[in-house]
Amino acid sequence: MRCPNCGNIEDKVLESRTMAGGESIRRRRECLACGYRFTSYERIDEKPFMVVKRDGRRQPFDKAKLEKGIEHALEKRPFSPVMIEQFVNDIEDKAIIIGKDTREIKTSDLGELVLEKLYNTDKVAYIRFASVYKHFENLEEFLEEVRNLEGKNE
């Protein structure tokens with residue numbers, strides 16, 4: 001570790017402590033050339049979890065974006081913010097499990113996870129989300145989805 005005082009790369013570690021529940025390590029160091037003491041931090045630099053868009057572009061998974069879409073679907077429905085947060089956490093956990101090997105998930109797979117969760121939770125929210133996610137071109141496609149929903153309930 002380069003000394004911030006003199007630039008020498010020779011130092012000794014005086015103390016190490018685990019921080020943030022094991023997510024990082026704080027090290028107290030002393031430069032062997034000038035005796036200056038300084039602190040360094042180590043943490044794992046993980047590859048971010050990515051979402052593969054329909055056109056092939058990749059972007060980092062954005063939990064806030066997922067939450068916003070679900071909040072829109074559940075707008076004016078009987079769900080508390082805590083319930084929505086748990087809902088989002090469940091979907092995020094499933095997405096990470098699906099993409100654990102490649103550290104990515106397709107938007108289509110992510111959308112299906114949301115639809116599955118909404119279908120089992122609130123049919124109105126399911127239809128709201130499906131209308132945006134499935135890009136209905138006309139009223140007939142929308143009505144067909146409602147009919148399919150009614151057929152699944154029988």
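Reader: In E2, which residue is the bridge partner of arginine 17?
Author: In this predicted model, arginine 17 has arginine 26 as its bridge partner in E2. Helices (H or I, at least four residues) and strands (E, at least two) are DSSP runs, numbered from the N terminus.

Reader: And how many bridges are there between E1 and E2 in total?
Author: E1 and E2 are held in register over 8 bridges, and their pairing is antiparallel; two strands pair if DSSP finds at least two bridges between them.

Reader: What sits between E1 and E2?
Author: The two strands E1 and E2 form a hairpin, with 4 residues between them. In that turn you can find alanine 20, which has a positive phi of about 50°.

Reader: OK, what about the whole sheet, what is the order of its strands?
Author: The sheet is an open one with 3 strands, arranged in the order E1-E2-E3, and the pairing is antiparallel. Its edge strands are E1 and E3, the latter covering residues 37-43, and each of these pairs on one side only.

Reader: So how many bridges join E2 to E3?
Author: Strand E2, which covers residues 24-31, is joined to E3 by 7 bridges, and the two strands run antiparallel. If you would like a place to look, arginine 27 stands opposite serine 40 in E3.

Reader: Changing topic: where is aspartate 11, and is it buried or exposed?
Author: Aspartate 11 lies in strand E1, which covers residues 11-19. With a relative accessible area of 17%, aspartate 11 counts as buried, since buried means under 20% relative accessible area, exposed over 50% and partly exposed in between, with a 1.4 Å probe and protein chains only.

Reader: What does its side chain make a polar contact with?
Author: The side chain of aspartate 11 makes a polar contact with the side chain of arginine 29, at 3.1 Å. Aspartate 11 also uses its side chain to reach the backbone nitrogen of methionine 1, at 3.5 Å. Such a contact is a donor–acceptor pair of N or O atoms within 3.5 Å, where neighbours in sequence count only if both atoms are side-chain atoms.

Reader: Can we look at helix H4 now, and which of its residues are buried?
Author: Helix H4 covers residues 123-133, and Ala125, Tyr126, Ile127, Phe129, Ala130 and Tyr133 are buried in it. At the start of H4, a side-chain oxygen of aspartate 122 comes to within 3.2 Å of the backbone nitrogen of valine 124.

Reader: I also noticed lysine 76, so what is its phi?
Author: Lysine 76 has a positive phi of about 60°, although it is not a glycine. You will find lysine 76 in the loop between H1 and H2, where it counts as exposed because its relative accessibility is 79%.

Reader: And arginine 103, where does it lie?
Author: Arginine 103 lies in the loop between H2 and strand E6, which covers residues 104-106. Arginine 103 is not a glycine either, yet it has a positive phi of about 60°. With a relative accessible area of 24%, arginine 103 is partly exposed.

Reader: How are the residues numbered, and what should I know about the values?
Author: Residues are numbered from 1 along each chain as its sequence is written. Local features need pLDDT of at least 70 and side-chain atom pairs count only at pLDDT 80 or more, while totals for chains, interfaces and linings use all residues, and side-chain values use heavy atoms, without hydrogens and water.
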